[in-house]
Amino acid sequence: MKLALSPDEVAFRDELRTFFRTEIPAEIRDKVENGRELSREDIVTAHKLLHAKGIAVPKWPVEWGGQDWTSMQRHIWEDEMQLACVPEPLTFNANMIGPVIAQFGSEELKQRFLPPTAALDIWWCQGFSEPDAGSDLASLRTTAVRDGDSYIVNGQKIWTTLAQYADWIFCLVRTDPNAPKKQAGISMLLFEMNSPGVTVRPIKLIDGRHEVNEVFFENVRVPADQLVGEENAGWTYAKFLLGNERTGIAGVGRTKVVIATAKKHAAQIPTGSGTLLEDPVFAARVAELENELLALELTLLRVVANSAEGKPNPVSSVLKLRGTELQQAATELMLDVAGPDAVPVGADDIAAPDWAQRTGPTYLNYRKTSIYGGSNEVQRTIIASTILGL
């Protein structure tokens, strides 16, 4: 695989780099770089600026707002966005339900939902995980019973990220409880979060933030024309969606930023006759992490280049597995650089700098990355069976 960019690719990269650093508000990018929480308005502002430029959903079909880019251009777009600390387009819209509707939805669903989804005029959330169906998603028990021109939905979802902001939910439901396999009999429905019978209850995470929620459905009536694709084919759509999600979870550019930030702060911390960055043991640790990240980036390029339309590459499981491990390693590196200054959190009247105080909560928050999108244990099983044929 070639590592050098062509002149056209360099020009493409430089144009994006300039746009990201001049058109996206600096205060929003500063929040991303320093691990501060983004507001709903921050996310919407950044997404809409990308959409106005025509680069919010470049991986979609061109007729629905996508770009006719090469796999390298798509990689450059994602990498430069992350390196500039630009909030990425809302993943529920751009990487999850949008591609599913574009691939499997009826023409009516495409016309109705894809334009506002691309523009973030609709904020989506993901109704997949349940209390007893997380990594074993096929065990889900939320039901949808056909009643005339509607489905009646009952059940519960959990860990529903940013549901407190969402307008609509794409929800996996069991429409055939008697299906011979648990993966069968599952459908995907779209419905509004303000529908009668929908209740959202916040979950406070270990880092103190309200990021995820429980969502309850009690006799929620959903029009039957808001079914994605065919009834009882939802598992196919879920696998397609999760393949896209796992590729995006790798977060190579984001991890590069964390490592660069750790190196910047380490260069300011005196140890012995030099700085922490100059310490041979610390320098070796950073070099090893950077080399592993480069290997992941090359694997990501191969996956993107070889994924057939509508058929996610099973190697996306490798990206999810290794990408989240490296994200966790990078946040642990930041925590170690902060040292004792990481112990206090949210204190204004002590010497510990703000960046150091945020390393503890960020480290704790990133323990989730090896769980969501299919736990890393499940990814190892997929790799063993699908890729290695064991």
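## Aromatic and charged contacts in a predicted model

The structure holds 12 aromatic pairs. One of these is formed by F12 and W69, whose rings meet edge-to-face with 5.0 Å centre to centre and 85° between the planes. The contact links distant parts of the chain, since F12 belongs to helix 1 (residues 7-23) and W69 to the loop between helix 3 (40-53) and helix 4 (71-83), the two being 57 residues apart. F12 is buried, with a relative accessible area of 12%, and W69, at 12% relative accessibility, also counts as buried. The model is a predicted one, and every value in this report is to be read in that light.

Further aromatic residues come together elsewhere in the chain, where F113, W124, F128, W168 and F170 form one aromatic cluster. Aromatic rings also take part in contacts with charged side chains: the charged end of R146 sits over the ring of Y151, at 5.3 Å from the ring centre, and R367 lies over the face of Y363, where the distance to the ring centre is 3.8 Å.

### Salt bridges

The count of salt bridges in the model comes to 21. Three of them are set out below, with the closest distance between N and O atoms in each.

| Acidic residue | Basic residue | N to O distance |
|---|---|---|
| E80 | R17 | 2.8 Å |
| D42 | K31 | 2.7 Å |
| D121 | K48 | 2.7 Å |

What does the salt bridge between E80 and R17 tie together? E80 lies in helix 4 and R17 in helix 1, so the pair ties together parts that are 63 residues apart in sequence. E80 is buried, with a relative accessible area of 5%, whereas R17, at 30% relative accessibility, counts as partly exposed.

The salt bridge between D42 and K31 joins parts that are 11 residues apart in sequence, because D42 lies in helix 3 and K31 in helix 2 (residues 26-33). At 11% relative accessibility D42 counts as buried, while K31, with a value of 25%, counts as partly exposed.

In the salt bridge between D121 and K48, the partners again come from distant parts of the chain: D121 is in the loop between helix 6 (107-119) and strand 1 (124-127), K48 is in helix 3, and their positions lie 73 residues apart in the numbering. D121 is exposed, with a relative accessible area of 51%, and K48 counts as partly exposed at 33% relative accessibility. Salt bridges that share partners also occur, and they join E292, R322, E325 and R380 into one network.

### The annotated middle domain and backbone angles

For residues 125-220, UniProt lists "domain: Acyl-CoA oxidase/dehydrogenase middle", in an unreviewed entry. Over residues 125-220 the chain is 0% helix and 50% strand, and the C-alpha atoms at the two ends are 17 Å apart.

Two backbone angles deserve a remark. Most residues other than glycine have a negative phi. W159, although it is not a glycine, has a positive phi of about 60°, and this residue lies in the loop between strand 3 (150-157) and strand 4 (168-174). N219 is likewise not a glycine and has a positive phi of about 55°, but the place of N219 is in strand 7 (residues 210-223).

### Surface and long-range separation

Which residues form a nonpolar patch on the surface? I387, L388 and L390 do so, and together they have about 340 Å² of accessible area. Within this patch, L388 lies in the segment after helix 12 (376-387), and L388 counts as exposed because its relative accessibility is 55%, where exposed means over 50%.

R13 is found in helix 1, the helix that also holds F12 and R17. At 21% relative accessibility R13 counts as partly exposed, a value that lies just outside the buried class, because buried means under 20% relative accessible area. R13 and Q379 are 366 residues apart along the chain, and their C-alpha atoms are separated by 32 Å.

How values were computed: Residues numbered from 1 in each chain as written. Predicted model: local features only at pLDDT ≥ 70, side-chain atom pairs only at ≥ 80, totals over all residues. Heavy atoms only, no water. UniProt positions renumbered as here; feature names shortened; annotations may be inferred. Helix = DSSP H or I, 4+ residues; strand = E, 2+ residues; numbered from the N terminus. Patch = residues over 30% accessible without salt bridge, like charges linked within 9 Å, V, L, I, M, F, W, Y side chains within 5 Å. Areas by Shrake-Rupley, 256 points an atom, 1.4 Å probe, with all protein chains shown as cover. Salt bridge = Lys/Arg side-chain N within 4 Å of Asp/Glu carboxyl O. Buried < 20%, exposed > 50% of the residue type's maximum accessible area, 1.4 Å probe, protein only. Phe/Tyr/Trp six-rings, centres within 6.5 Å; stacked < 30°, edge-to-face > 60°. Lys NZ or Arg CZ within 6 Å of the ring centre and 35° of its normal.
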